[in-house]
Amino acid sequence: MTETITGCLWCSYRGPLLAGETVSVVNPQVSLAHELRRCPECGEALLDVRWPDRVVRRKAREHTRRFRKSLWVVVYPVPCAWCGSTDTEAYEINATIANPISERFKYDIYRCRTCQRPNAASYLGEIHVHRADQDREYTALWHLDPPEEPPA
Ligand SMILES: [Zn+2]
Ligand SMILES: [Zn+2]
């Protein structure tokens with residue numbers, strides 16, 4: 001399977017991107033090389049991930065740190081599990097989940113910009129999205145698949 005990828009995922013630019021170095025990311029789906037790309041039009045960052053049979057392009061966000069290398073976060077295409085909107089944005093990386101499906105899974109929290117509700121996404125092999133709920137007492141803790149109407 002070959003997939004030719006062109007252009008930017010952030011804007012409508014369809015030309016070649018500016019190539020950059022290989023970076024390590026804080027939330028990889030797979031332990032493959034992530035090569036930095038920059039859109040010459042909007043200036044946003046993307047990562048080309050080299051799978052054995054294809055290259056997958058992802059959006060990326062840079063978190064700069066003083067005196068240290070930047071942290072790179074992959075922004076996966078996560079559809080909202082509440083309303084189906086694809087307008088979601090990574091909000092918390094490697095979140096603490098009270099009830100993970102498996103201890104091997106790592107979860108990122110994505111906020112939906114359409115319905116404002118949180119989702120938890122895991123990436124192992126493929127992308128799984130769950131409805132998420134922030135713990136009322138311990139705000140650093142998240143619950144997967146809360147009941148539709150949380151008890152009062
Ligand atoms: Zn762009
Ligand atoms: Zn939503």
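This is a short talk through the strands, the domains and the nonpolar cores of one protein chain.

Hi everyone, and thanks for coming. One thing before we start: the model is predicted, so please keep that in mind as we go.

Let's begin with the overall layout. The domain assignment splits the protein chain in two, with domain 1 covering 18-74 and domain 2 covering 77-144. Measuring over C-alpha atoms would be your first instinct, and on that basis the centres of domain 1 and domain 2 are 21 Å apart. How many residues of each domain are in contact with the other? Five from domain 1 meet six from domain 2. On the domain 1 side, the residues that touch domain 2 are two nonpolar, two polar and one charged.

Now the strands, starting with the open sheet. Five strands make it up, in the order β1-β2-β3-β4-β5, and the pairing is antiparallel. Which strands stand at the edges? Those are β1 (18-23) and β5 (68-75); each has a single partner strand, so one side of each is left without a neighbour in the sheet. If you ignore direction, neighbouring strands here are turned against each other by 40° on average.

Zoom in on one of those pairs. β1 runs antiparallel to strand β2, residues 34-38, and four bridges join them. Within that pair, L18 sits opposite R38 in β2.

Just ahead of this sheet, have a look at G15, which lies in the segment before β1. Is G15 buried or exposed? It counts as exposed, because it has 10 C-beta neighbours inside 10 Å. G15 also has an interesting partner in space: its C-alpha atom is 8.7 Å from that of C39, although the two are 24 residues apart along the chain.

At the other end of the sheet there is a backbone detail for the torsion-angle fans. F67, in the loop between β4 (55-65) and β5, has a positive phi of about 60° although it is not a glycine. F67 is exposed, since 4 other C-beta atoms lie within 10 Å.

On to the second set of strands, which closes up. Here β6-β7-β8-β9-β10 form a closed barrel of five strands, with mixed pairing. The twist from one strand to the next averages 50°. Where does the parallel part come in? β6 and β10 pair in the parallel sense, over two bridges, and I97 stands opposite W142 in β10. By contrast, strand β9, residues 128-134, pairs with β10 in the antiparallel sense over three bridges. β9 and β10 form a hairpin with six residues between them, and D133 faces H143 of β10 across that pair.

Strand β6 has its own positive phi. N94 is found in β6, and its phi is near 55°, in a residue other than glycine. With 11 other C-beta atoms within 10 Å, N94 is exposed.

What do the side chains do along β10? They alternate: W142 and L144 point to one face and are buried, while L141 and H143 point to the other and are not.

That brings us to packing. As a general remark, nonpolar side chains in soluble globular proteins tend to be buried together. In this model, the largest nonpolar core has eleven residues, including V78, A95, I97, Y107, W142 and L144. Which strands each supply at least two residues of this core? They are β6 (88-97), β7 (107-112), β8 (118-122) and β10 (141-144). The largest share, three residues, comes from β7.

A95 is a nice one to click on in your viewer. Leaving out residues up to four places away in sequence, A95 touches Y107, D108, I109, A120 and W142. There is also a second, separate core of nine residues, and among them are C8, A60, V74 and V75.

To wrap up, the picture has an open sheet of five strands, β1-β2-β3-β4-β5, and a closed barrel of five strands, β6-β7-β8-β9-β10. The largest nonpolar core draws at least two residues from each of β6, β7, β8 and β10. Thanks for listening, and I'm happy to pull up any of these residues on the screen.

Notes: Residues are numbered from 1 along each chain as its sequence is written. Chains are lettered from A and ligands numbered from 1 in the order in which they are written. This is a predicted model: local features need pLDDT of at least 70, side-chain atom pairs count only at pLDDT 80 or more; totals for chains, interfaces and linings use all residues. A nonpolar core is a set of buried Ala, Val, Leu, Ile, Met, Phe, Trp, Tyr and Cys residues joined through C-beta atoms within 7 Å. A residue is buried if 20 or more other C-beta atoms lie within 10 Å of its own, exposed if 12 or fewer, and partly exposed in between; C-beta atoms are placed from the backbone. Two residues are in contact if their C-beta atoms, placed from the backbone, lie within 7 Å. Domain bounds come from an automatic or database domain assignment. Ala, Val, Leu, Ile, Met, Phe, Trp, Tyr, Cys and Pro count as nonpolar, Asp, Glu, Lys and Arg as charged, and the others, Gly among them, as polar. Two strands pair if DSSP finds at least two bridges between them. Axes are lines fitted to C-alpha atoms, for helices over the stretch in contact, and angles run from 0 to 180 degrees between N-to-C directions.
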